[in-house]
Amino acid sequence: MGEFVRSSCRTRYLGRSGVNTPIFGGNPKGAVLSNRLLARTLTAYIVFLNVGCAAHAQHVVDQGIVIENVTLISPERAAPLRHADVVLRGGRIAEIGTNLVPGPHARRIDGSGRFLVPGLIDSHVHVGHSAALDDDAIEAYPELWAAYRAQVPRAYLAFGFTSIVDLDLRQSDQAWFGSTPLHPRFYSWGRGIKVAGGYMAFNVPSISSPNFPNLVYEPKEAEHWPKTLDIGDYTAERAVSRAADAGAICVKAFVESGFGTFSWPYLHTETLRKIQTAARERKLVFMVHANSVDSWRSALDAHADIIAHGLWVWPGDFGDAMPPPAASNVIAAAARAGTRLQPTMQTVAGERAILDPSLLNDPRLTMSLPPAVIDYLRSAAGAKARTALLDEYRKASPPPGFEPLLRAAIERAQATFKVMLQDHVPLVFGSDTPGVDGFGNPPGLNGRLELQNWAAAGAPLSLILRATTLDNATAFGLSHELGSIEVGKRADLLLLRENPLANVSAYDSIETIFLDGEPIAREALRAHN
Ligand SMILES: [Zn+2]
């Protein structure tokens with residue numbers, strides 16, 4: 001207090017009250033100076049301080065939180081803003097400057113040597129699915145399930161995800177997640193649109209079940225249609241309106257014929273087009289789940305706004321990771337169409353945990369899962385469940401077998417991601433948490449691992465930040481509120497010790513998460529039993 005707190009052309013803060021008490025008030029001789037002389041001395045001093053800085057006259061901020069002297073990095077800026085002061089008030093970003101002086105009633109947060117970025121957005125999560133415990137474990141250990149669930153919303157925040165988008169949400173999960181005491185901003189697509197007998201709707205439960213899916217009648221797969229359901233209730237329009245009625249900001253449709261291995265009924269292009277038209281009428285973003293060359297092509301033919309998943313399925317030798325011309329061509333077509341892609345490399349990479357449990361030793365896992373869940377996964381019972389799952393996968397895998405297939409799928413996802421980078425396809429960040437069985441997609445940490453995948457495959461760090469903030473917000477119609485550090489936007493921010501434009505590991509150095517302008521120490525989000 002009372003010193004020059006910053007470099008040459010920055011704030012010269014003279015005291016908490018702004019009347020120079022630390023400089024003059026301690027001097028008992030001060031009383032002998034006449035008030036006029038004192039006033040003149042002060043004026044001269046202040047004028048002296050402002051020489052050369054007339055354009056940056058200081059401005060006292062006496063309300064809200066002031067993050068002081070931070071390096072502000074945000075995708076709408078061509079370069080970081082150094083020595084920035086950012087004021088948060090009423091849950092929003094109120095002011096940004098390099099000359100803001102906190103008054104006595106402002107709450108000050110020292111940003112010196114630190115980096116401030118927008119809160120991250122993960123636009124592909126499934127909060128209601130378990131990423132660690134299988135159905136048997138949930139039944140046998142309800143206390144573990146309760147502990148796991150309690151940590152899910154905190155885990156997203158701990159890894160910097162202040163907004164998440166759930167792509168296939170049940171109402172019961174929505175109610176649960178919304179009622180947790182501390183959770184990221186939460187958007188949903190309602191229930192994804194599915195084909196009876198197909199992916200995620202293999203067995204259609206009774207219509208009264210809370211698990212009854214959002215079905216659409218697919219004429220080309222009529223043989224799988226449950227006889228008890230009236231086709232007229234399951235048009236594309238009705239499916240879209242069901243999602244909209246559930247509060248969805250967008251609509252997702254599944255085109256999944258079986259990951260190149262199975263032959264499941266799926267959504268064909270004509271029906272997809274009808275869904276697209278209905279979504280457009282309601283001004284909803286239209287997303288298609290697709291990971292094969294054929295389904296990508298179908299999504300492009302139906303003018304999807306976003307394709308969820310990278311590209312790792314194509315005809316030919318399963319074990320061959322090299323993308324064929326058909327894969328490069330469909331990526332080039334996506335680039336031409338300006339279709340946004342969500343590569344979700346962790347969807348396949350997360351399956352490694354079935355074979356290799358070394359993720360259990362990652363110290364970051366303790367931010368993601370409660371200790372009791374980690375203990376269970378390390379226990380004999382956890383290992384047994386993992387072996388049983390591995391056996392299932394091995395039995396279901398065609399030649400050359402699960403291990404080489406998984407290795408090839410991971411390599412394919414990386415290889416096609418590199419083609420997307422080369423072609424400048426617009427990318428949005430989504431982790432698909434959890435996308436696979438096993439514990440390989442733990443909440444929050446899975447997004448951090450996906451950031452790593454992007455960096456490892458050569459994505460520039462500025463592109464990674466942009467895809468995870470502003471581009472995600474823009475793609476989902478949220479950019480008026482989220483995605484950048486601009487006055488008026490929601491004060492969802494991250495304070496990092498390290499520079500995210502220097503190394504992707506900076507995302508492990510989050511110190512403070514601001515959610516709606518409220519600071520949360522990352523350490524306070526660590527999981528407890
Ligand atoms: Zn998903």
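This is a short walk through a predicted protein model, going from its confidence to its strands, its packed helices and a few unusual backbone spots.

Let's begin with how far the model can be trusted. Because we are looking at a prediction, each residue comes with a confidence value called pLDDT, which runs from 0 to 100. Averaged over the protein, the pLDDT is 89, and 89% of the residues reach 70 or more. The stretch formed by residues 1-55 has a pLDDT below 50, and beyond near neighbours in sequence this stretch makes 40 contacts in the model. Where pLDDT is low, the predicted coordinates should not be read in detail. Keep that in mind if your eye lands on residues 1-55, where the pLDDT is below 50.

Now find the strands. One open sheet is built from three strands in the order 8-9-10, and the pairing is parallel. Which strands stand at the edges of this sheet? They are strand 8 (120-125) and strand 10 (185-188); each has a single partner strand, so one side of each is left without a neighbour in the sheet. Going from one strand to the next, the twist averages 20°. Look at the pairing of strand 9 (residues 161-166) with strand 10: the two run parallel and are joined by four bridges. If you would like a landmark there, Asp-166 sits opposite Ser-188 of strand 10.

For an antiparallel example, move along to strand 18 (residues 510-515) and strand 19 (residues 518-521), which are also joined by four bridges. Within this pair, Thr-512 has Ala-521 of strand 19 as its bridge partner. Strands 18 and 19 form a hairpin, with two residues between them. In the turn you will find Asp-516, whose phi is positive, at about 55°.

Next come the helices. Two packed helices are described by the angle between their axes and the distance between the axes. Let's try this on three pairs.

Start with helix 8 (residues 293-301) and helix 9 (residues 325-337). Their axes are 10 Å apart and the packing angle is about 20°. Angles under 35 degrees count as roughly parallel, and helix 8 and helix 9 are therefore roughly parallel to each other. The crossing of helix 8 over helix 9 is left-handed. From helix 8, the contact is made by Val-293, Trp-296, Arg-297 and Leu-300, while helix 9 brings Ala-326, Ala-327, Val-330, Ala-333, Ala-334 and Ala-337. Sorted by class, this contact has nine nonpolar residues, one charged residue and no polar ones.

Helix 9 has another partner, helix 15 (402-422). The axes of helix 9 and helix 15 come within 10 Å and cross at roughly 40°. How are these two helices described, then? Helix 9 and helix 15 are therefore oblique to each other. This crossing is right-handed. Here Ala-327, Ser-328 and Ile-331 of helix 9 meet Thr-416, Val-419 and Met-420 of helix 15. The residues in this contact divide into four nonpolar and two polar, with no charged ones. Notice Ala-327, which takes part in the contact with helix 8 and also in the contact with helix 15.

The third pair is helix 6 (residues 236-245) with helix 7 (residues 269-281), whose axes lie 8 Å apart at an angle of about 45°. Helix 6 and helix 7 are therefore oblique to each other, and their crossing is right-handed. Helix 6 offers Ala-236, Glu-237, Ala-239 and Val-240, which meet Thr-271, Lys-274, Ile-275, Ala-278 and Ala-279 of helix 7. Among these residues, six are nonpolar, one is polar and two are charged.

Finally, zoom in on the backbone. Where does the chain have a cis peptide bond next to helix 15? The bond from Pro-399 to Pro-400 is cis, with omega near 5°, and Pro-400 belongs to the loop between helix 14 (380-396) and helix 15. Another cis peptide bond joins Thr-433 and Pro-434, with omega about -15°. Pro-434 lies in the loop between helix 15 and helix 16 (445-456). One last stop is Asn-69, which is part of strand 2 (residues 65-72). Asn-69 has a phi near 55°, a positive value in a residue other than glycine.

How values were computed
Residues are numbered from 1 along each chain as its sequence is written. This is a predicted model: local features need pLDDT of at least 70, side-chain atom pairs count only at pLDDT 80 or more; totals for chains, interfaces and linings use all residues. pLDDT is the predictor's confidence in each residue, from 0 to 100. Two residues are in contact if their C-beta atoms, placed from the backbone, lie within 7 Å. Two strands pair if DSSP finds at least two bridges between them. Axes are lines fitted to C-alpha atoms, for helices over the stretch in contact, and angles run from 0 to 180 degrees between N-to-C directions. Angles under 35 degrees count as roughly parallel, over 145 as roughly antiparallel, 65 to 115 as roughly perpendicular and the rest as oblique. A crossing is left-handed if the near helix is turned anticlockwise from the far one by less than a right angle, and right-handed if clockwise. Ala, Val, Leu, Ile, Met, Phe, Trp, Tyr, Cys and Pro count as nonpolar, Asp, Glu, Lys and Arg as charged, and the others, Gly among them, as polar.
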